Structures are given as structure tokens and as C-alpha cells.
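Trainee: Hey, can we go through this one together? I'd like to get better at reading structures.
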Amino acid sequence: MARVTSPRGSGGSSGSGEQTRKLPRRPASALAERWTTIDGIDVFYRESPAPPDAPVMMHVHGFGLSGRYLLPTAELLRDEFHTLVPDLPGFGRSDKVDVPLDVPDLAHAAARFLDDRGIDKVTLVGNSMGCPVICEFAYHYPERLERAILVSPAGGVQNQPLRRAIGQLTRDGTREPRRMVRVATPDYLRFGVPSTVRMFRALTQYPSLERLLALRIPTLVVIGDRDPLMPGPARVKEIASRTDNHVLLVTIEGAAHAINFSHPGELAHVIRSFMADEPIVDDPDSPGHARVREIHRGVFHPRAKGSA
């Protein structure tokens, strides 16, 4: 049985005689910050106090990062969904692992985390590397995934070789909000260079496109038109059109790669519309901030309510 430590501020221990892990001195969001143990690895996560009958939505972070940069979007959705934002094993505050995890390993770790929380079905929201993790989760656990939300998908040959990926990340860094540096730098330093090289190799060898086109559940793909790690919107639309699938493709103009951090209002609005099968339009609460456009809807994707 996995050990779940006490929520923030409750004090005490896990009940097993072990001391609970320390929580951050200052909470990073309105979500509760907690620890649990999965397969002997201490895992840090955040969780919303949503009603138990709310649909579950888990946010999956990207390469070398923790879930902290996903919090701006996750926090906006916390009252509508039972929201979870873990640091996967080996990332962020969660413990290192003895054997480096690849994409399938991370998908299995996500499933075991959900087992620990007593959750059978979930909608997964991923950014960057989190998107291949979601696709692999869908491959192994199709009955557990209700919907997939892939923001700035990464992986495959698009980011090879390493020097090209470093150049892409450097250009992206100049296009993200400056405050992203304060969030990302500690995560990258904690992750380390050897882990970065191993994870990059695993990520670029993963068949991201094949897995994406094989999804058979309602899937939202969100890209930014200033993302140097992605092909342009026209190329992405052409790829999505190759198969009669369930993919809804949306672009946020002015956004780069870390959309969950840089454009949380627009992204949360798109996610709400997608989950409710409503038309994808600009967020009325964010006039002039960024333009949202639906550029592809697969023939099997649910029609927007009210559409012909």
C-alpha cells in the first residue's frame, strides 16, 4: 500500500513511523501540496480540494521540469475538475530513480500514481514531453483515459539532433515570459546533465506521431505560432489531416512552447470549451491578449454544440 503523508499544515507523520517529507516553505498555488510514495519513490504532487464527484484532470509536465510551471493553468481549472499536478519520479521535488525512466516508464508511473489516489478514469493535460507520456498512457491504458489534451507536443525526429534541440530551446527561452526562468532553472539544475542527455535520447526515439494519430478518444492539440520546437501551424494541420481521427487542433497566436505558463487564461478557456464540446472561440475574459483559432477538427471528433 502506498504511503500518503499528511496535507500541508496538518503536521504529524504518515502513520508508519516514518517522518513526513518537508513541503515547500511557501505554497506555489492554491492547490494543496502533498507527498506520497510510489514503488518506493517519494513523489511530490499538488491537488485541488474539488468535490469528490468532479471529473478528474491530471496535468503532466515537460522535459526536465516539475509540475510547477503548469500551475497557472491548473489553478484556473481547480474549481471545475479534481485537479492533480504531480512531479513524476526523477523530476522536480520527487526523488531520483536508480534506473532512468523512459517514456513508457513515465506512463506506467502516472498510472500507478492514479492507482495510489484511487482514480480509475482521467483526462490528461500534457505539455511538451508530457504529451508523449499521455500517448503512451493511452496505448497501455485506453480504458482509463477519457480525453487527452496535448499542449505543444514534443518528441520524435523533429527535435533531433541534440544541438538542434538546444538551439530550439534557446530561441524559445527568449519568447517566454521572463518569470519562467525563475521557475525552470531550479528544475533543470535538479534534473542534471546526465539525466537530460538520457531523457533526450529516449524522447527523440519515441514514435510520437504514430501514437498521436492512433488515439481513438477526443483529443485536443494546442500549439503556439511562435513555438520554435514545433512545425508551423500549416504543417501541423497537414499532419493531423492524414487520418480520420478524433483530433481537434487549436492555435494560440503569440504563444511559444510553455503555453500552460505563458497563456493560462486562453488555454484554460480552450480546455473548458473542449471538455464541454463547445465551439472554440476567443476567451471573452481576455480581449486582445492572444487570438485563439480552431484550424482542424477530425471527422470523428465530437461536433461543437449548436453546429450543423
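Trainee: Let's start with F113. Is F113 buried or exposed?

Mentor: Keep in mind that this is a predicted model. F113 has a relative accessible area of 3%, so it counts as buried.

Trainee: Which aromatic pair does F113 form?

Mentor: F113 pairs with Y45, and the two rings are edge-to-face. Their centres are 5.2 Å apart, with 70° between the planes.

Trainee: Where in the chain do Y45 and F113 sit?

Mentor: Y45 belongs to strand β2 (residues 41-47) and F113 to helix α2 (residues 103-116). They are 68 residues apart, so this pair links distant parts of the chain. Y45 is buried because its relative accessibility is 0%.

Trainee: How many aromatic pairs turn up in the whole structure?

Mentor: The search finds five. There is also an aromatic cluster made of F63, F91 and F191.

Trainee: What about charges over rings? What sits over the ring of F274?

Mentor: That's the charged end of R147, 4.9 Å from the ring centre. R211 lies over the face of Y139, at 3.7 Å from the centre of that ring.

Trainee: New topic, salt bridges. How many are there?

Mentor: The count comes to 10 salt bridges. Take E47 and R117: their closest N and O atoms are 3.8 Å apart. E47 is in strand β2, while R117 is in the loop between α2 and β5 (122-127), 70 residues apart along the chain.

Trainee: Are E47 and R117 buried or exposed?

Mentor: E47 has a relative accessible area of 7%, so it is buried. R117 is at 22%, so it counts as partly exposed.

Trainee: Which network of salt bridges includes those two?

Mentor: The network links R34, E47, D116 and R117.

Trainee: And what does R144 meet in a salt bridge?

Mentor: D115, at 2.8 Å from N to O. R144 is in the loop between α3 (130-140) and β6 (145-151), and D115 is in helix α2, 29 residues apart. R144 counts as buried at 10% relative accessibility, whereas D115 is partly exposed at 46%.

Trainee: How far apart along the helix are R190 and D187?

Mentor: They're three residues apart in helix α5 (residues 179-191), so about one helical turn separates them. Their side chains form a salt bridge at 3.4 Å, N to O. D187 is buried at 5% relative accessibility, but R190 is partly exposed at 37%.

Trainee: Okay, helix α10 next. What span should its 12 residues have?

Mentor: At 1.5 Å a residue, residues 264-275 should span 16 Å. The end C-alpha atoms of α10 are 16 Å apart, which agrees.

Trainee: Why would we call α10 largely enclosed by the rest of the structure?

Mentor: Because 10 of its 12 residues are buried. Among them are L267, V270, I271 and F274. Just after α10, D277 takes a positive phi of about 55°.

Trainee: Which residues of α6 are buried?

Mentor: S195, M199, F200, A202, L203 and T204. For α6 (residues 193-204), the expected span is 16 Å, and its end C-alpha atoms are 16 Å apart.

Trainee: Last one, the whole chain. How many helices and strands does it have?

Mentor: It has 10 helices and nine strands. Of its 308 residues, 55% are buried. And of the contacts with a separation of 6 or more, 73% come from residues 24 or more positions apart.

Key: Residues numbered from 1 in each chain as written. Predicted model: local features only at pLDDT ≥ 70, side-chain atom pairs only at ≥ 80, totals over all residues. Heavy atoms only, no water. Helix = DSSP H or I, 4+ residues; strand = E, 2+ residues; numbered from the N terminus. Expected span 1.5 Å × (residues − 1). Buried < 20%, exposed > 50% of the residue type's maximum accessible area, 1.4 Å probe, protein only. Phe/Tyr/Trp six-rings, centres within 6.5 Å; stacked < 30°, edge-to-face > 60°. Lys NZ or Arg CZ within 6 Å of the ring centre and 35° of its normal. Contact = heavy atoms within 4.5 Å. Salt bridge = Lys/Arg side-chain N within 4 Å of Asp/Glu carboxyl O.
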